[in-house]
Amino acid sequence: MDIVTSADGTPIATHSVGEGPAIVIVNGALSQAQDAAEVARAMADAGLRAVTYDRRARGDSGETRPATPE
């Protein structure tokens, strides 16, 4: 797991598996990175680096209030 920081200071957890060209797996609004783990592993087996992430206030990511699209 890696942590990146959004523009407003919120820590966002990312998870990656595999090596090669990177793809980002975007899950549904209420999901967590682990929900896409099976898909990420399949992409890694195909020679890609699959990146999943926990949305704000989900999983290992933080939450900064108030959250705005900007």
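In this predicted model, aspartate 2 has threonine 14 of β2 as its bridge partner. That bridge belongs to the antiparallel pairing of strand β1 (residues 2-5) with strand β2 (residues 11-17), which extends over 4 bridges. The chain contains 1 helix and 4 strands, and from the N terminus on the order of elements is β-β-β-α-β. Its C-alpha trace spans about 40 × 20 × 20 Å along the principal axes. Of the 70 residues, 26% count as buried. Among contacts with a separation of 6 or more, 65% come from residues 24 or more positions apart.

**Strand pairing**

- A second bridge partnership between β1 and β2 joins threonine 5 to proline 11 of β2.
- β1 and β2 make up a hairpin, with 5 residues between the two strands.
- In the turn of that hairpin, glycine 9 has a positive phi of about 95°.
- β2 is also joined by 4 bridges to strand β4 (residues 49-53), and this pair runs antiparallel.
- One of the partnerships between β2 and β4 links serine 16 to valine 51 of β4.

**Threonine 14**

- Which strand holds threonine 14? Threonine 14 lies in β2, the strand that pairs with β1 and with β4.
- Threonine 14 has a relative accessible area of 17%, so it counts as buried, the cut-off being under 20%.
- Leaving out neighbours within four places in sequence, threonine 14 is in contact with Met1, Asp2, Val4, Val51, Thr52 and Tyr53.
- Asp2, one of these contacts, is also the bridge partner of threonine 14.

**Nonpolar core**

- In soluble globular proteins, nonpolar side chains tend to be buried together.
- Which residues make up the largest nonpolar core? The core has 6 residues: Val17, Ile25, Ala36, Ala40, Ala44 and Ala50.
- Isoleucine 25, a member of this core, is in contact with Ala36, Val39, Ala40, Ala50, Val51, Thr52 and Tyr53 once neighbours within four places in sequence are set aside.
- Among those contacts of isoleucine 25, Ala36, Ala40 and Ala50 belong to the core as well.

**Cavity**

- Rolling a probe the size of a water molecule over the atoms shows where empty space is left.
- How many cavities of 30 Å³ or more does the structure hold? There is 1.
- The largest cavity encloses about 50 Å³ of space.
- Its lining consists of Ile25, Asn27, Gly28, Ser31, Gln32, Ala33, Ala36, Thr52, Tyr53 and Arg55.
- By class, the lining residues of the largest cavity divide into 4 nonpolar, 5 polar and 1 charged.
- Ile25 and Ala36 line the cavity and are also members of the largest nonpolar core.
- Thr52 and Tyr53, which also line the cavity, are in contact with threonine 14 and with isoleucine 25.

**Loop glycines**

- Glycine 28, one of the cavity-lining residues, is found in the loop between β3 (22-24) and α1.
- Glycine 28 has a relative accessible area of 42% and is partly exposed.
- From glycine 28 to alanine 44 the C-alpha to C-alpha distance is 21 Å, with 16 residues of separation in sequence.
- Alanine 44, at the other end of that distance, is a core residue.
- Glycine 47 sits in the loop between α1 (37-45) and β4.
- Is glycine 47 buried or partly exposed? Glycine 47 is partly exposed, at a relative accessible area of 36%.
- The C-alpha atoms of glycine 47 and glycine 18 are separated by 6.9 Å, although the two residues are 29 residues apart along the chain.
- Not counting residues up to four places away in sequence, glycine 47 touches Glu19, Gly20 and Pro21.

**After β4**

- Alanine 57 lies in the segment that follows β4.
- Phi of alanine 57 is near 65°, a positive value in a residue other than glycine.
- Alanine 57 counts as partly exposed because its relative accessibility is 38%, which is between the cut-offs of 20% and 50%.

Terms used: Residues are numbered from 1 along each chain as its sequence is written. This is a predicted model: local features need pLDDT of at least 70, side-chain atom pairs count only at pLDDT 80 or more; totals for chains, interfaces and linings use all residues. Side-chain values use heavy atoms; hydrogens and water are left out. On a 1 Å grid over the protein atoms alone, a cavity is a set of points where a 1.4 Å probe fits but cannot get out, and a pocket is an open set with protein on both sides within 12 Å along at least five of seven lines; lining residues have an atom within 4 Å of a point. Grid points are joined across faces, edges and corners, and a volume is the space filled by probe spheres set on the points. Ala, Val, Leu, Ile, Met, Phe, Trp, Tyr, Cys and Pro count as nonpolar, Asp, Glu, Lys and Arg as charged, and the others, Gly among them, as polar. Two strands pair if DSSP finds at least two bridges between them. A nonpolar core is a set of buried Ala, Val, Leu, Ile, Met, Phe, Trp, Tyr and Cys residues joined through side-chain atoms within 4.5 Å. Buried means under 20% relative accessible area, exposed over 50%, partly exposed in between (1.4 Å probe, protein chains only). Contact means heavy atoms within 4.5 Å.
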